[in-house]
Each structure stands twice: as structure tokens, then as C-alpha cells.
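Let's take a walk through this structure together, starting with its aromatic rings and moving on to how helices pack.

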Amino acid sequence: MSIQLAPRELVQVTSIDDTQRKLGRLIRLNRRALELTQTGLGARVGLNQSQICKFEQNGATSFEIFLKASRGLDLPAWVLLKVAEDPDDVVGRVRAL
């Protein structure tokens with residue numbers, strides 16, 4: 001099985017590492033906006049401070065940690081993924097509202 005992409009879609013394909021780093025930054029920005037420490041976010045979801053720190057610096061080390069962090073911030077995981085993959089599309093939709 002192969003996935004075909006149109007030429008204009010190829011520009012939007014990003015590396016997994018890039019997406020992971022963006023997710024880490026999004027978690028950090030949203031955590032700070034809620035005035036939560038890394039320890040505080042971790043306590044909400046059963047993770048320790050070092051796991052949150054590692055996620056914020058390098059991206060999710062596992063899908064489970066990503067899901068827990070997004071739940072701890074009351075953000076749907078799909079929204080974070082969409083923003084990490086295509087922030088311009090999300091900003092455009094918000095402005096249209």
C-alpha cells in the first residue's frame with residue numbers, strides 16, 4: 001500500500017521529529033498560560049516533572065505521554081496535532097470565525 005500526494009501537498013509533509021518538537025513547545029506554552037508548573041501538570045495526569053520537561057524540550061517520548069499531557073491541559077490531542085502540523089490553517093480558521 002502506498003500513499004499518493006499531490007505536488008502542493010508535499011510541501012506540507014513535515015518530519016516526525018519536527019512535529020514532536022512543535023508539540024513540546026505547544027504543551028509548554030499552554031501549560032504556562034494556565035500558570036502550571038511542570039510538576040503541577042505532571043500531578044494532574046500521573047507523570048513526573050522530568051517526563052514533562054523532556055516532552056517540552058524534545059517532543060513526546062510516547063503517544064501515552066502526549067495524550068496525558070494534552071488531557072492535563074484540557075486540550076484535545078487532535079487540536080494540538082493539527083496546530084503542530086499546519087498552524088497557518090488553524091489560524092486562518094480562527095480568524096474566519
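In this predicted model, a good place to begin is the aromatic cluster formed by Phe55, Phe63 and Phe66. Searching the whole structure turns up two aromatic pairs. In one of them, Phe55 and Phe66 meet edge-to-face, with 6.4 Å from centre to centre and 80 degrees between the planes. This pair links distant parts of the chain, since Phe55 sits in helix H4 (residues 49–58) and Phe66 in helix H5 (residues 63–72), eleven residues apart. Phe55 and Phe66 are both buried.

Now turn to Phe63 and Phe66. Their ring centres lie 5.8 Å apart and their planes are at 45 degrees, so this pair is tilted: the angle is neither under 30 degrees, as stacked rings require, nor over 60, as edge-to-face rings do. Phe63 and Phe66 are three residues apart in helix H5, and therefore about one helical turn separates them. Are these two rings buried or exposed? Phe63 counts as exposed because its relative accessibility is 55%, whereas Phe66, at 2%, counts as buried.

Phe55 also leads us to the packing of helices. Helix H2 (residues 16–33) packs with H4 at an angle of about 120 degrees, and their axes are 6 Å apart. That angle makes H2 oblique to H4. On the H2 side, the contact is made by Gln20, Arg21, Leu23, Gly24, Arg25, Ile27, Arg28 and Arg31, while H4 contributes Phe55, Glu56 and Asn58. Sorted by class, the contact of H2 with H4 has five charged, three polar and three nonpolar residues.

Note on methods. Residues are numbered from 1 along each chain as its sequence is written. This is a predicted model: local features need pLDDT of at least 70, side-chain atom pairs count only at pLDDT 80 or more; totals for chains, interfaces and linings use all residues. Side-chain values use heavy atoms; hydrogens and water are left out. Rings of Phe, Tyr and Trp (its six-membered ring) pair if their centres lie within 6.5 Å; planes under 30 degrees apart count as stacked, over 60 as edge-to-face and the rest as tilted. Helices (H or I, at least four residues) and strands (E, at least two) are DSSP runs, numbered from the N terminus. Buried means under 20% relative accessible area, exposed over 50%, partly exposed in between (1.4 Å probe, protein chains only). Axes are lines fitted to C-alpha atoms, for helices over the stretch in contact, and angles run from 0 to 180 degrees between N-to-C directions. Angles under 35 degrees count as roughly parallel, over 145 as roughly antiparallel, 65 to 115 as roughly perpendicular and the rest as oblique. Contact means heavy atoms within 4.5 Å. Ala, Val, Leu, Ile, Met, Phe, Trp, Tyr, Cys and Pro count as nonpolar, Asp, Glu, Lys and Arg as charged, and the others, Gly among them, as polar.
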